[in-house]
Amino acid sequence: MSDTLTLDVIGQRVEVNGEYATVRFSGVVPPVAGLWLGVEWDNPERGKHDGSHEGIVYFKCRHPTGGSFIRPNKVNFGVDFLTAVKNRYALEDGPDDHGKEQIITIGKKPVETIGFDSVIKQQSHLNNLQEISLRNCAVSCAGEKGGIARTCPNITRVDVSKNLLSSWDEVIRIADQLKNLVVLDLSENKLQFPSGSPVLTGTFSTLKVLVLNQTGITWAEVLQCAPGWPVLEELYLDYNNIFISERPSNVLQTLKLLDLSSNPLIDENQLFLIAYLPRLEQLILSDTGISSIHFPDAGIGCKTSMFPSLQYLVVNDNRISQWSFINELNKLQSLRALSCVRNPLTEGSKEAQTTRQLIIAKIGQLKTLNKCEILPEERRGAELDYRKAFGNEWKKAGGHQDPEKNRPNEEFLAAHPRYQLLCHKYGAPEDGELKVQQPFMLKNQLLSSMTIQKVKAFLSRLLKVPVSELLLSYESPKMPGREIELGNDLQSLQFYSVENGDCLLVRW
């Protein structure tokens with residue numbers, strides 16, 4: 001870069017020895033002669049000051065040590081999109097004589113060709129490209145107008161994450177030449193988004209997946225740009241300090257997946273603003289710090305009108321510590337899958353399997369929990385155990401085997417909103433069942449009907465051990481000192497006379 005820089009460089013993204021920064025100043029910094037660039041580093045520990053020198057403020061930084069002055073010739077301003085494509089996927093020019101050897105580099109593999117045929121092969125190769133990854137290739141601009149459209153018009157999926165793109169307008173200049181673009185990943189580009197409503201150009205008319213993780217976009221900017229994404233189905237907004245400030249109005253109506261992970265400002269009140277996206281099937285809220293949720297439009301045993309299409313919810317790595325959170329999820333009319341690991345509720349003193357069974361019992365329509373399918377036998381066992389485990393509490397709260405007298409109080413129903421339904425499904429627990437509070441585990445209602453094969457399949461998932469390596473036997477207090485092998489996978493536990501109180505032994 002020459003010493004004749006203009007103010008055009010202000011706001012541009014640059015790279016210096018592997019570190020990324022934004023140009024905030026271009027000019028002279030007395031008493032040292034010559035042109036300097038003032039940059040604000042992405043990593044503030046890389047800098048030396050806040051943009052001031054000898055009492056004069058040349059530019060401002062968000063961090064007191066986020067700035068530096070650098071000579072222009074030390075800075076990498078990047079390359080245009082098409083140059084990056086050719087560097088990664090295309091021909092490297094050899095000798096000028098067409099009759100001599102030239103090299104095509106496909107990926108990292110050099111392929112030798114002879115003469116002008118190599119140019120034709122290069123053009124054909126680029127023309128047929130449909131998926132490209134230019135991650136960390138220092139892409140900073142679109143380049144020559146129309147060049148992308150002429151050279152590689154058939155691209156449908158583009159990864160330009162961790163580059164030097166500095167504005168949404170530059171993204172538009174690239175995407176406008178890719179008429180079949182379906183997937184675009186812009187993660188880790190610090191982008192400036194338009195302050196007003198952008199002009200609708202049809203640039204993203206085919207775009208279905210947009211990844212904007214760690215781009216600095218705000219929720220207001222999402223809504224400003226969203227009219228230009230008419231068929232968008234998946235939107236990823238991780239690590240942007242998003243605060244949902246308003247409800248999407250006539251935008252994002254086609255969205256099926258929204259990822260808001262690692263945005264710690266989000267809370268349950270903000271979620272209400274996106275609760276009526278009509279086609280939203282997957283919502284990812286990992287590492288947001290969320291701890292509670294409540295659907296005020298639905299009472300005990302009722303379904304909420306919010307999130308009408310939501311099938312899969314991810315709330316990993318949060319602060320969920322109360323069972324009321326799980327109770328509320330049963331109000332979601334379409335929920336079929338839940339991931340809820342690494343929360344205080346699931347990492348407490350209870351065994352993991354106990355927690356799993358409680359969640360299954362509390363959310364009636366759930367088919368998958370933490371990426372593990374809920375089999376009908378597992379659901380039946382979990383619900384029967386839940387019904388028995390809280391039977392005494394139910395009776396003390398006013399529950400009764402006689403339907404005419406069965407009136408548990410509001411406090412119990414709030415804590416156990418599905419309990420009455422389970423009593424209707426399986427019958428109210430009898431007094432004989434409730435005399436001794438059994439440990440919360442798989443019990444004889446489930447075990448008696450299960451085959452050895454199904455028990456092994458269950459244990460295989462629980463213990464992460466292949467079924468073929470599991471050996472089962474049991475001991476009974478009625479036969480002290482004797483161990484009975486469970487050798488026939490097709491027989492049930494009842495066939496072997498396994499009873500409540502017996503000890504199942506598992507070896508591998």
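**Exercise 1.** Which helix gives the most to the lining of the second largest cavity, and with how many residues?

*Solution.* Keep in mind that this is a predicted model. Start with the size of the hole: the second largest cavity has a volume of about 60 Å³. Next, go round its wall, where you'll meet Phe81, Val158, Val160, Leu165, Val171, Ile174, Ala175, Leu178, Leu184 and Leu186. Now look for the helix: H4, spanning residues 168-175, is the top contributor, with three residues. Last, sort the wall by class, and you get ten nonpolar residues, with no polar and no charged ones.

**Exercise 2.** Find out how many cavities of 30 Å³ or more the whole structure has, then describe the largest.

*Solution.* A search of the whole structure turns up three of them. The largest comes out at about 80 Å³. Its lining is made of 13 residues, and those nearest the centre are Leu271, Leu285, Ile293, Leu313 and Leu329. Check the classes too: 13 are nonpolar, none polar and none charged.

**Exercise 3.** Work out how helices H9 and H12 are placed relative to each other.

*Solution.* Take H9 as residues 376-389 and H12 as residues 419-426; they pack at about 110°, with axes 10 Å apart. Angles of 65 to 115 degrees count as roughly perpendicular, so that's the label for this pair. As for handedness, the crossing is left-handed. On the H9 side, the contact uses Arg380, Glu383, Leu384, Tyr386 and Arg387, while H12 brings in Tyr419, Leu422, Lys425 and Tyr426. Sorted by class, that contact has five nonpolar, no polar and four charged residues.

Notes
Residues are numbered from 1 along each chain as its sequence is written. This is a predicted model: local features need pLDDT of at least 70, side-chain atom pairs count only at pLDDT 80 or more; totals for chains, interfaces and linings use all residues. Side-chain values use heavy atoms; hydrogens and water are left out. On a 1 Å grid over the protein atoms alone, a cavity is a set of points where a 1.4 Å probe fits but cannot get out, and a pocket is an open set with protein on both sides within 12 Å along at least five of seven lines; lining residues have an atom within 4 Å of a point. Grid points are joined across faces, edges and corners, and a volume is the space filled by probe spheres set on the points. Ala, Val, Leu, Ile, Met, Phe, Trp, Tyr, Cys and Pro count as nonpolar, Asp, Glu, Lys and Arg as charged, and the others, Gly among them, as polar. Helices (H or I, at least four residues) and strands (E, at least two) are DSSP runs, numbered from the N terminus. Axes are lines fitted to C-alpha atoms, for helices over the stretch in contact, and angles run from 0 to 180 degrees between N-to-C directions. Angles under 35 degrees count as roughly parallel, over 145 as roughly antiparallel, 65 to 115 as roughly perpendicular and the rest as oblique. A crossing is left-handed if the near helix is turned anticlockwise from the far one by less than a right angle, and right-handed if clockwise. Contact means heavy atoms within 4.5 Å.
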